[in-house]
Amino acid sequence: MTEPILQVKDLSVYYNKKKALNSVSLDFMPNEITALIGPSGSGKSTLLKAINRMGDLNPEVTTTGTVIYNSHNIYGPRTDTVELRKEIGMVFQQPNPFPMTIYENVVYGLRINGVKDKNILDEAVERSLIGASIWDEVKDRLHDSAIGLSGGQQQRVCVARVLATSPKIILLDEPTSALDPISAGKIEETLYGLKDKYTMLLVTRSMQQASRISERTGFFLGGDLIEFNETKKMFLSPEHQETEDYITGKFG
Ligand SMILES: Nc1ncnc2c1ncn2[C@@H]1O[C@H](COP(=O)(O)OP(=O)(O)OP(=O)(O)O)[C@@H](O)[C@H]1O
Ligand SMILES: [Mg+2]
């Protein structure tokens, strides 16, 4: 039996008094893509952010419950959030390269962690850009600004920036929804190709995307996890009426 790499147990998140995630429990399996779907405001981004403690930055956020990673609760007192975010990286909906060169974008996390050796940085840049399927497009312009790239290229540089710190888990919050279909397709293929090395949690609005690349899917509604199942099972024969209504486009 494969053990889960990440276990979310009874996780609730409040923004001030308002509950945005309602005692959610689910396990994530290694080297799988788990898709998180549900209508706007259902708590998908809130869950992703809770998993690398982004809420710490917002005094209005209260989190209860546990997230077990490497056999300990990331909400326990011993967690170093810089370390945590190295192991659990995040890619956002809007490509957000920093206003610096492609090279510096990719090595950003390594520099924060004090890496100075040029050989190590060069190797990380090549490895990460290859992993993000953009090496060939940018290898001759590594010292140009990342802002000059297309949106789809910028997003792949953002994926490379996460890969550079050698994470175990990658959180992806609608990484393709701001992109044209061709760029979106490239990201999707890239993610698919990363499965043998990483575990991914993918928030997506696209049922097609979820069914093409994910092993398991969780359906959220109003902060509740309504259904969590193998993706094939969920799309062929959902167990809950709400799931069926959502995936057949009756609401959302
Ligand atoms: N920073 C915040 N402050 C206050 N309320 C928030 C904040 N972020 C989210 N919420 C609320 O929490 C609930 C869940 O929001 P969340 O962003 O997790 O939804 P989502 O499923 O990601 O939606 P979408 O598909 O639109 O991205 C919503 O009611 C939202 O208004
Ligand atoms: Mg969201």
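1. Let's start with Phe 98: this residue is partly exposed, at 26% relative accessible area. Keep in mind that we're looking at a predicted model.

2. What does Phe 98 pair with? The search of the whole structure turns up two aromatic pairs. In one of these, Phe 98 and Tyr 108 sit 4.5 Å apart, centre to centre, with 50° between their planes, so the pair counts as tilted, since that class covers planes that are neither under 30 degrees apart nor over 60. Tyr 108 is partly exposed too, with 34% relative accessibility.

3. Phe 98 comes from the loop between strand 6 (88-91) and helix 3 (102-112), while Tyr 108 belongs to helix 3, so the pair links parts 10 residues apart in sequence.

4. Phe 98 has another neighbour worth a look: Arg 161 lies over the face of its ring, 4.0 Å from the ring centre.

5. Now for helix 6, residues 151-164. From first C-alpha to last, its 14 residues reach 20 Å, close to the 20 Å expected. Most of helix 6 is covered, with 13 of the 14 residues buried. Just past its end, Ser 166 has a positive phi of about 55°.

6. On to the sheet: four strands, open, in the order 2-1-4-5, with antiparallel pairing. Strand 2 (18-28) and strand 5 (72-73) are at the edges with a single partner strand each, so each has one side without a neighbour in the sheet.

7. Strands 1 (residues 6-15) and 4 (residues 61-69) share eight bridges in the antiparallel sense. Helix 1 (residues 44-51) packs on the sheet, where it touches strand 1 and strand 2, and its direction makes about 115° with that of strand 1.

Key: Residues are numbered from 1 along each chain as its sequence is written. Chains are lettered from A and ligands numbered from 1 in the order in which they are written. This is a predicted model: local features need pLDDT of at least 70, side-chain atom pairs count only at pLDDT 80 or more; totals for chains, interfaces and linings use all residues. Side-chain values use heavy atoms; hydrogens and water are left out. Helices (H or I, at least four residues) and strands (E, at least two) are DSSP runs, numbered from the N terminus. The expected span of a helix is 1.5 Å times one less than its number of residues. Buried means under 20% relative accessible area, exposed over 50%, partly exposed in between (1.4 Å probe, protein chains only). Two strands pair if DSSP finds at least two bridges between them. Contact means heavy atoms within 4.5 Å. Axes are lines fitted to C-alpha atoms, for helices over the stretch in contact, and angles run from 0 to 180 degrees between N-to-C directions. Rings of Phe, Tyr and Trp (its six-membered ring) pair if their centres lie within 6.5 Å; planes under 30 degrees apart count as stacked, over 60 as edge-to-face and the rest as tilted. A charge sits over a ring if NZ of Lys or CZ of Arg is within 6 Å of the ring centre and within 35 degrees of the ring normal.
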